[in-house]
Amino acid sequence: IYLKHLMTAAVEMHPTIPIVLHLDHGDTFESCKQAIELGFTSVMIDKSHAPFEENVRVTRQVVEFAHARGVSVEAEIGTLGGIEEDVVGEVCLTDPDQAAEFVRQTGVDALAVAIGTSHGAYKFKTSPVLAIDLVGTLSQRLGIPLVMHGSSSVPHNLVQDINQYGGRMPNAMGVPVPSIQAAIAKGICKINVDTDSRMAMTASIRRVFSETPEKFDPRDYLGPGRQAIAEMVASKMRAFGTAGHAGDYQGYTLEEAKSRYQQA
């Protein structure tokens, strides 16, 4: 409920900015239902590690509940992990035929696909190799927005800063921005980045602690940390081609979305 009203305040303070609230990696119908009832405008149900039939069943349940309230749904097929990592049996790239059947049976709005990325700051042991051509195949087959998870680049300058100011991130490696841009060109529409923001804040805070050890007021380091995150997000928006496009489309309310789903 606190988060709900924080977002309501953000909408009120910035009426010209289109704002959505998305639940990432909801793992049960109940978690998605709770988010929707709190006012989230989109949810992700992630049963990608469950058997296909269970993934379909739970995703369809979430879709039916969400669409009746104008809320869009993201789901996932396949499991994340670097293609060349020593995790044989754990990595499962998205199969186009299975994905097409999944979308047909669930009516999901967007699909997170596995093309070789992974979560965290230690994604790869060598230079990453992503299944970029698979994105194009999936985009043509499915006809819905595709989502790329595990897309932090783990910038080298942030790794250096964290290590320089007392951290320890050996062999950290992420997804190069050019690889993400290539995936965008093939059909990726939504990109999830988290680790880079955490690193930006951590590097900033460590710098303050190291260079001004007399500081003890949280405002002295949390302020720069928040600014570092803002700058990181802005850089990603520019790199991914989203910056400056908020006015290119007309948004609609949950009630309007509900009506669209009913007419579909």
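Phe29 and Phe65 are both buried in this predicted model. Their rings sit with centres 5.6 Å apart and planes at 85°, so the pair counts as edge-to-face, the cut-off for that label being over 60 degrees. In sequence terms the two partners are 36 residues apart, and the pair links distant parts of the chain. Phe29 belongs to helix α2 (residues 29-37), whereas Phe65 belongs to helix α3 (residues 52-67). Phe65 has a charged neighbour as well: Arg69 lies over the face of its ring, at 3.6 Å from the ring centre.

A further aromatic pair, again edge-to-face, is formed by Phe209 and Tyr221. Here the rings are 4.8 Å apart centre to centre, with 65° between the planes. This pair, too, joins distant parts of the chain, with Phe209 in helix α8 (residues 195-211) and Tyr221 in helix α9 (residues 218-240), twelve residues apart. As for burial, Tyr221 has a relative accessibility of 18% and therefore counts as buried, since the limit is under 20%. Phe209, at a relative accessible area of 41%, is partly exposed, because that value falls between the 20% and 50% limits. The count of aromatic pairs comes to three.

Another arginine found over a ring is Arg260, which lies over the face of Tyr252. In that case the distance from the ring centre is 3.9 Å.

Back in helix α8, Ala203 is worth a look. With a relative accessible area of 4%, Ala203 is buried, because the value is under 20%. Leaving aside residues up to four places away in sequence, Ala203 touches Leu158, Asp161 and Ile162. Val62, on the other hand, is 141 residues from Ala203 along the chain, and the C-alpha atoms of the two are separated by 39 Å.

Turning to helix packing, the axes of α4 (residues 96-106) and α5 (residues 132-142) come within 10 Å of each other and cross at roughly 35°. The crossing of these two helices is right-handed. On the α4 side, the contact is made by Pro96, Asp97, Ala99, Ala100 and Val103. Helix α5 contributes Leu134, Thr137, Leu138, Arg141 and Leu142. Sorted by character, the residues of this contact divide into seven nonpolar, one polar and two charged.

Notes: Residues are numbered from 1 along each chain as its sequence is written. This is a predicted model: local features need pLDDT of at least 70, side-chain atom pairs count only at pLDDT 80 or more; totals for chains, interfaces and linings use all residues. Side-chain values use heavy atoms; hydrogens and water are left out. Axes are lines fitted to C-alpha atoms, for helices over the stretch in contact, and angles run from 0 to 180 degrees between N-to-C directions. Helices (H or I, at least four residues) and strands (E, at least two) are DSSP runs, numbered from the N terminus. A crossing is left-handed if the near helix is turned anticlockwise from the far one by less than a right angle, and right-handed if clockwise. Contact means heavy atoms within 4.5 Å. Ala, Val, Leu, Ile, Met, Phe, Trp, Tyr, Cys and Pro count as nonpolar, Asp, Glu, Lys and Arg as charged, and the others, Gly among them, as polar. Rings of Phe, Tyr and Trp (its six-membered ring) pair if their centres lie within 6.5 Å; planes under 30 degrees apart count as stacked, over 60 as edge-to-face and the rest as tilted. Buried means under 20% relative accessible area, exposed over 50%, partly exposed in between (1.4 Å probe, protein chains only). A charge sits over a ring if NZ of Lys or CZ of Arg is within 6 Å of the ring centre and within 35 degrees of the ring normal.
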